[in-house]
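Biologist: I should like to be guided through this structure by a series of questions. May we begin once the sequence and the coordinates are on view?

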Number of protein chains: 2
Amino acid sequence: MTAAQKSTALRTSNIGKDDIPLSSDDVFSHVYQAILDRRLPPGTKLREVPLAELFGVTRGTIRKAFTQLANQKVIDLIPNRGASVAYPTVEESRDLFAARRTIESAIVEQLTSRVTKSQIRELNAMVKRENAAYDKGDTREALKLSVDFHRVLATMAGNSVYADFLEQLVTRTPLVVLAYRDPAQATACANQDHQDLVTAIAAGDSVRAINTMRCHLCNLEGQLDLKNSTPSSELAAIFGLNAVSHRNAKRNLQ
Amino acid sequence: MTAAQKSTALRTSNIGKDDIPLSSDDVFSHVYQAILDRRLPPGTKLREVPLAELFGVTRGTIRKAFTQLANQKVIDLIPNRGASVAYPTVEESRDLFAARRTIESAIVEQLTSRVTKSQIRELNAMVKRENAAYDKGDTREALKLSVDFHRVLATMAGNSVYADFLEQLVTRTPLVVLAYRDPAQATACANQDHQDLVTAIAAGDSVRAINTMRCHLCNLEGQLDLKNSTPSSELAAIFGLNAVSHRNAKRNLQ
DNA sequence: GCCCATCATTTTGTCAACAAAATATGATTG
DNA sequence: CAATCATATTTTGTTGACAAAATGATGGGC
């Protein structure tokens, strides 16, 4: 990917040309979103100077954003060799889903034992909004609401460590979905699952709630192509740069 | 704590006066160890310039170490207001142990299903070494070996996310143990638990293995004073600086 | 043609000076 | 005496220039 193309890939709106400079968090978000949007495909090298100029910040800001992104395993950051968009492996992806099952089961179990009526109301409201977004065909909004649903469950469970861990997991999940989803299938949280989950939690039925959550996550994982065979994206990684990004770069960057 | 006292608190050996300068990881380790040794009590303000001079590094290195320490919640890092040794609250501590039960149950369960004979041998060897250290009265070494035992379990389970999470948890655990342990009781992993755990894993009895692990962690938590009543350390935090550090500073820093 | 060494360029890493913010000090007033 | 404000000092945050490392290009030897 050339510098000019990367510039196009990141400049979704007028960024970095305002009065107040962007923070490293802003850079984090922009880069993260660009990766999710496939505007920065896995393996893409991220150089400090071009990014700094693009966002109108100093290299120090880019560097901070890089360490945050690397902490979340969104990019690989190797000393003296710079940053590149991460390549989730099949193993990593499976590990991630296993961890989600573990953590989110614990979250749901704890929440079931201490949920309040007003929390149930809030959860129902969220499911409703999510449904509305789906019905409207606004997939992007629906996806965001779906992730937020999982976040809110974590917060309501009242264990700050669970919440932290879940945050790390949901940050990484879209990357593996992106890398391994079967293009034929649409990938999203089946919304009925969320509704069922709230119902089980409201009923105080922790066994069913946990089961629903586990199925929910297994379904999501099942939509991915996590067989041992090398996926095209991984093949590309082996050879240093990805064919996908070259073939599709122009189209993807519009 | 005065600058001179803090200098004493950190300078365990001749550090930072060598030819090659220390890395931020080295600074991380030194500060972390000083906190575990109570040479830097909770609430202690950590200033960049004195630390940089002490370790013979630049402020940038200290800063990097700070962000790592803050990520692990070992210190609090507030923009424009610097760093101070973290104060684990009762809630945080309970959350931490709950998370350990969750994660380590999952680790043990997975490991039981796929453990090899040579892994069992390695685990038995570790327990043996741990026992030896206890018998020799080398509590510090025994404690290190005990933590390593948990780490090795995580690695052997073969899920990188579990291993990551466990690493975060074991980094924080000593801090809460330090803050809340009943001074009357010695706090350590009961070694027999480790032996029992290996036996259960070797037998392929995942239910017993999980139970043993949960009991093991509950025992550890039970040795702490995590009642809702405000511990002296927390009281001190409320009033901005800790009485403990003032009263005991000189004695602790020898 | 292929391999290796050399040199030029690009890219990342470091540092020290400067800027901004917070904190401490002390004077002043009600 | 307490409270408030102005000022001095300390502490954190930022930047741009320089150093070091990696990368890519060139050319010569085999």
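The conversation below concerns a predicted model and takes up its chains, its sheets and its DNA strands in turn.

Biologist: Which relation connects chain A and chain B?
Modeller: In general, two copies of a chain are related by a rotation about an axis and a shift along it. Here a rotation of 180° with 0.0 Å of shift along its axis superposes chain B on chain A, with an RMSD of 0.0 Å. That is therefore the relation of a two-fold axis.

Biologist: What percentage of the contact residues of chain B recur in chain A?
Modeller: The rotation that superposes chain B on chain A is 180°. The same surface serves both copies, and the share of the contact residues of chain B that recur in chain A is 100%.

Biologist: Which strands stand at the edges of the sheet in chain B?
Modeller: The sheet of chain B is open and has 3 strands, in the order 1-3-2 with antiparallel pairing. Each edge strand has a single partner strand, so one side of each is left without a neighbour in the sheet. The edge strands of chain B are strand 1 (45–46) and strand 2.

Biologist: How many bridges join strand 2 of chain B to strand 3 of chain B?
Modeller: Strand 2 covers residues 75–78 of chain B and runs antiparallel to strand 3, residues 82–85. Ile75(B) stands opposite Val85(B), and Ile78(B) stands opposite Gly82(B). The number of bridges that join these two strands is 4.

Biologist: Which residue takes a positive phi in the hairpin of strand 2 and strand 3 of chain B?
Modeller: This hairpin of chain B has 3 residues between the strands. The positive phi, near 70°, belongs to Asn80(B).

Biologist: What is the bridge partner of Lys45(B) in strand 3 of chain B?
Modeller: Strand 1 and strand 3 of chain B pair in the antiparallel sense over 2 bridges. The partner of Lys45(B) in strand 3 is Ser84(B).

Biologist: At what angle does helix 4 of chain B run to strand 2 of chain B?
Modeller: Helix 4 of chain B comprises residues 59–71. This helix lies across strand 1, strand 2 and strand 3 of chain B. Its angle to strand 2 of chain B is about 115°.

Biologist: Which residue stands opposite Leu77(A) in strand 3 of chain A?
Modeller: Chain A has an open sheet of 3 strands in the order 1-3-2, with antiparallel pairing. Strand 2 of chain A pairs with strand 3 (residues 82–85) over 4 bridges. Opposite Leu77(A) in strand 3 stands Ala83(A).

Biologist: How many charged residues has the surface near DNA strand D?
Modeller: The residues that surround DNA strand D come from both chains, among them Thr58(A), Lys64(A), Leu46(B) and Arg47(B). Sugar and phosphate account for 77% of the atoms of DNA strand D that come within 4 Å of the protein. By class, this surface has 2 nonpolar and 4 polar residues, while the number of charged residues is 6.

Biologist: Which residue has a side-chain N or O atom 2.8 Å from a phosphate oxygen of DNA strand D?
Modeller: Several residues place polar atoms by the phosphates of this strand. A polar side-chain atom of Lys64(A) lies 3.1 Å from a phosphate oxygen of DNA strand D, and a polar backbone atom of Glu48(B) is 3.1 Å from a phosphate oxygen. The residue at 2.8 Å is Arg81(A).

Biologist: Which residue has a polar side-chain atom 2.5 Å from a phosphate oxygen of DNA strand C?
Modeller: Of the atoms of DNA strand C within 4 Å of the protein, 78% belong to sugar or phosphate. A backbone N or O atom of Glu48(A) lies 3.1 Å from a phosphate oxygen of DNA strand C, and a polar side-chain atom of Thr58(B) lies 3.0 Å from one. The residue at 2.5 Å is Arg63(A).

Notes. Residues are numbered from 1 along each chain as its sequence is written. Chains are lettered from A and ligands numbered from 1 in the order in which they are written. This is a predicted model: local features need pLDDT of at least 70, side-chain atom pairs count only at pLDDT 80 or more; totals for chains, interfaces and linings use all residues. Side-chain values use heavy atoms; hydrogens and water are left out. A residue is near a molecule or strand if one of its heavy atoms lies within 4 Å of it. A polar contact is a pair of N or O atoms within 3.5 Å; within protein, one must be able to donate a hydrogen and the other to accept it, and residues adjacent in sequence count only if both atoms are side-chain atoms. Ala, Val, Leu, Ile, Met, Phe, Trp, Tyr, Cys and Pro count as nonpolar, Asp, Glu, Lys and Arg as charged, and the others, Gly among them, as polar. Two strands pair if DSSP finds at least two bridges between them. Contact means heavy atoms within 4.5 Å. Axes are lines fitted to C-alpha atoms, for helices over the stretch in contact, and angles run from 0 to 180 degrees between N-to-C directions. Copies are superposed by least squares on the C-alpha atoms of residues with pLDDT of at least 70 in both.
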